[in-house]
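Here is a short report on one protein chain. It covers domains, a sheet and a cavity.

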Amino acid sequence: GVDSWLSLAPVDPDQEVQGEIHLELQVPQRGHLRCHLIQARDLAPRDPSGTSDPFARVSCCGHTLETAVIKKTRFPHWDEVLEFQLAEREAGEAVLSVEVWDWDIVGKNDFLGRVEFPLGTICTEPTKGWFPLLPFPSAAESHGGQLGSLRLAVRLVEDRVLPSTYYQPLIQLLAEPILCPGQPPAGTALAILEEVTSGESRQDVATKLVKIFLGQGLAVPLLDYLITRELARTTDPNTLFRSNSLASKSLEQFMKAVGLPYLHEVLKPVVNRIFEEKKYVELDPGKMELSRSRRRHPCRRISFKGSLSEAQVRESSLELLKGYLGDIVDAIVGSVEKCPLLMRVAFKQLRRRVEERFPSARHEEVRYFSISGFLFLRFFAPAVLTPKLFGLRERHADPRTSRTLLLLAK
């Protein structure tokens, strides 16, 4: 573990580096180095248009090769293979350098970032993946903390995973109340685990349990067991599944594990449109920006002139929200046949258990609320609110889009 203060260093805004490069490096045979430059993403803009003309330069042991220039993009796709023939004596402590540059027809090319790899590592095993681009090592003297400091805590956590046979006794112990339902419910391993699990670790425990029981083909019986125990403790149907109990967390993690492809198919088209359109939406009068003359971002100018009234902003915001929400609801309602069978079986069982626990006519709606509380409040709504956490987008939303998503989720 490391926990220390690090002095901040100055950065030249024109030389700021960002983005990642996707590449594959391998030595298929001795003395032969193969560099597959696949693509890069989120590169720094260096041209007035807000883009760059990137190309990659690969250097090793005095040899240099370059890819083609991809014009006007911050997300270049090269898919080029550069190959080097190296003498064996050159490979010892050599370093392979991959640099990304912005090509300029006039003047010097602009540096976009670099990444280095010891050649010995590549010779041992191929290297493939996304790698963050880094600046050139700073030649500036240390400013001794004049620009402030950042406290950074870093810890490496290592898990040892044994062959599955080692875990069978534990899995059998956990599955006993489901495979042999006649046992006293209070003394089972699952019941004890539920009692000793704290609020902070409950989600982690629920995730592990769901994965274990999915692997055993017993996920739905597990949920049924936990839900039945939760219902037995609930006297007021209005509080049903409102707490972050092991039953609630397990069903939530079950939906993520089983229903993520379904969620993507339903929500992704609408979420992508919201991100691309970047419409201004606001219903709170205290947060409305009524002046439309602002020029906060050079690429996002507002076409309105003068100022808008509060009523106009509210009306346009309501129209946009109703349009987005209508598309979301239509997509959900029209997706019944696409909903994973396992989810449908689990919710059918949930409804049956709720009916058994609250059979009176005045509690008829509880059977539906119990399902919608999970399906909408713990599945669709959180995915609309934070699409990145559900894999719907690669990055978090900007403040304007984030506000639209918040209002939609509410």
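The C-alpha centres of domain 1 and domain 2 lie 42 Å apart. Domain bounds come from an automatic or database domain assignment.

| Domain | Residues |
|---|---|
| domain 1 | 4-138 + 147-154 |
| domain 2 | 164-284 + 310-409 |

This is a predicted model: local features need pLDDT of at least 70, side-chain atom pairs count only at pLDDT 80 or more, and totals for chains, interfaces and linings use all residues. Residues are numbered from 1 along each chain as its sequence is written, and side-chain values use heavy atoms, with hydrogens and water left out.

Next comes the sheet. Four strands make an open, antiparallel sheet in the order E6-E3-E2-E9. Strands (E, at least two residues) and helices (H or I, at least four) are DSSP runs, numbered from the N terminus. Strand E6 (77-85) and strand E9 (127-132) are at the edges with a single partner strand each, so one side of each has no neighbour in the sheet. Strand E3 (residues 32-41) pairs with E6 in the antiparallel sense over 7 bridges; pairing requires at least two DSSP bridges between two strands. Cysteine 35 stands opposite leucine 82 in E6.

Then the cavity. On a 1 Å grid over the protein atoms alone, a cavity is a set of points where a 1.4 Å probe fits but cannot get out; lining residues have an atom within 4 Å of a point. The count is 1 cavity of 30 Å³ or more. Its lining consists of Val220, Leu223, Asp224, Ile227, Ala346, Gln349 and Leu350. Helix H5 (219-233) and helix H8 (341-357) each supply at least two lining residues. H5 gives the most, with 4 residues.

Note on methods. 1 Å grid on protein atoms, 1.4 Å probe; cavity = no way out; pocket = protein on both sides within 12 Å on 5 of 7 lines; lining within 4 Å. Points joined across faces, edges and corners; volume = space filled by probe spheres on them.
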